[in-house]
Amino acid sequence: MKVALTCQGQSLEHELDQRFGRAATILVVDLDTNFVEIIDNGANAPSGGAGIAAAQRLVDRNVSAVITGQIGPNALSVLKAADIALYQGIAGPAQQNLTAYKAGQLIDLQKFVPSHSGK
């Protein structure tokens with residue numbers, strides 16, 4: 001099973017990024033092997049559609065769950081259509097969020113922010 005976390009850096013020690021489409025990095029953790037794939041989120045370019053592009057990258061990697069803060073309605077639609085679970089991240093390092101996820105301590109992310117373009 002693969003879990004994706006939006007992150008401000010390239011390791012689990014970096015802070016969780018609360019912005020889905022505009023996150024600097026997305027870490028994809030394979031819970032079976034503990035392998036961490038680092039995705040440089042080139043989708044965070046200034047034009048619109050960053051969330052959709054980031055969501056599609058995760059669909060293409062067969063991610064089962066995403067841990068983030070806020071997510072726009074278009075990215076939300078892409079992830080829901082792919083049956084990818086969404087969880088509300090907590091302030092702190094990505095590793096702390098992953099541990100909380102494994103312990104069942106994160107809540108389902110049901111809210112979303114209005115779509116926008118730019119930063």
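These legends accompany several views of a predicted model of one protein chain.

**Figure 1. The whole chain, with its helices and strands.** Let's start with the overall picture. The protein chain has 3 helices and 5 strands. Followed along the sequence, these elements come in the order β-β-β-α-β-α-β-α. Of the 119 residues in the protein chain, 45% are buried. About 5,900 Å² of the protein chain is accessible surface, and carbon and sulfur atoms account for 50% of that area. If we take the contacts between residues at least 6 apart in sequence, 51% of them join residues at least 24 apart.

**Figure 2. Helices H1 and H2, side by side.** This view brings together helix H1, residues 50–60, and helix H2, residues 73–81. Their axes are 8 Å apart, and the two helices pack at an angle of about 15 degrees. Angles under 35 degrees count as roughly parallel, and H1 and H2 are therefore described as roughly parallel to each other. Their crossing is right-handed.

**Figure 3. The residues where H1 meets H2.** Here we step in to the side chains and backbone of the same helix pair. From H1 come Gly51, Ile52, Ala55, Gln56 and Val59, while H2 brings Asn74, Ala75, Val78 and Leu79 to the contact. Sorted by character, the residues of this contact are 6 nonpolar and 3 polar, with no charged residue among them.

**Figure 4. Val3 in strand S1, and its surroundings.** Val3 belongs to strand S1, which covers residues 2–7. Buried means under 20% relative accessible area, so Val3, at 0% relative accessibility, counts as buried. Which residues is Val3 in contact with, leaving aside its neighbours within four places in sequence? They are Leu27, Val28, Val29, Leu31, Val63, Ala65, Ile67, Leu98 and Tyr101. Ser64 is another residue to look for in this view: 61 residues separate Val3 from Ser64 in sequence, yet their C-alpha atoms are 6.0 Å apart in space.

**Figure 5. Ile38 in strand S3, partly exposed.** Ile38 sits in strand S3, made up of residues 36–40. Its relative accessibility is 42%, and values between 20% and 50% count as partly exposed, so that is the class Ile38 falls into. Setting aside residues up to four places away in sequence, Ile38 touches Gln10, Thr25, Ile26 and Leu27. Ser11 can also be picked out here, with its C-alpha 7.8 Å from that of Ile38 and a sequence separation of 27 residues.

**Figure 6. Asn34, a loop residue with a positive phi.** Asn34 is found in the loop that links strand S2 (25–30) and S3. Although Asn34 is not a glycine, its phi is positive, at about 65 degrees. Is Asn34 buried or exposed? With a relative accessible area of 56%, Asn34 is exposed.

**Figure 7. Asp83, in the loop after H2.** The last view turns to the loop between H2 and strand S5 (85–88), where Asp83 lies. Asp83 has a positive phi of about 55 degrees, and Asp83 is not a glycine. Exposed means over 50% relative accessible area, so Asp83, at 71% relative accessibility, counts as exposed.

Methods:
Residues numbered from 1 in each chain as written. Predicted model: local features only at pLDDT ≥ 70, side-chain atom pairs only at ≥ 80, totals over all residues. Heavy atoms only, no water. Axes fitted to C-alpha atoms, helices over the stretch in contact; angles between N-to-C directions. Helix = DSSP H or I, 4+ residues; strand = E, 2+ residues; numbered from the N terminus. Parallel < 35°, antiparallel > 145°, perpendicular 65-115°, else oblique. Left-handed = near helix turned anticlockwise from the far one by under 90°. Contact = heavy atoms within 4.5 Å. Nonpolar A, V, L, I, M, F, W, Y, C, P; charged D, E, K, R; others polar. Buried < 20%, exposed > 50% of the residue type's maximum accessible area, 1.4 Å probe, protein only. Areas by Shrake-Rupley, 256 points an atom, 1.4 Å probe, with all protein chains shown as cover.
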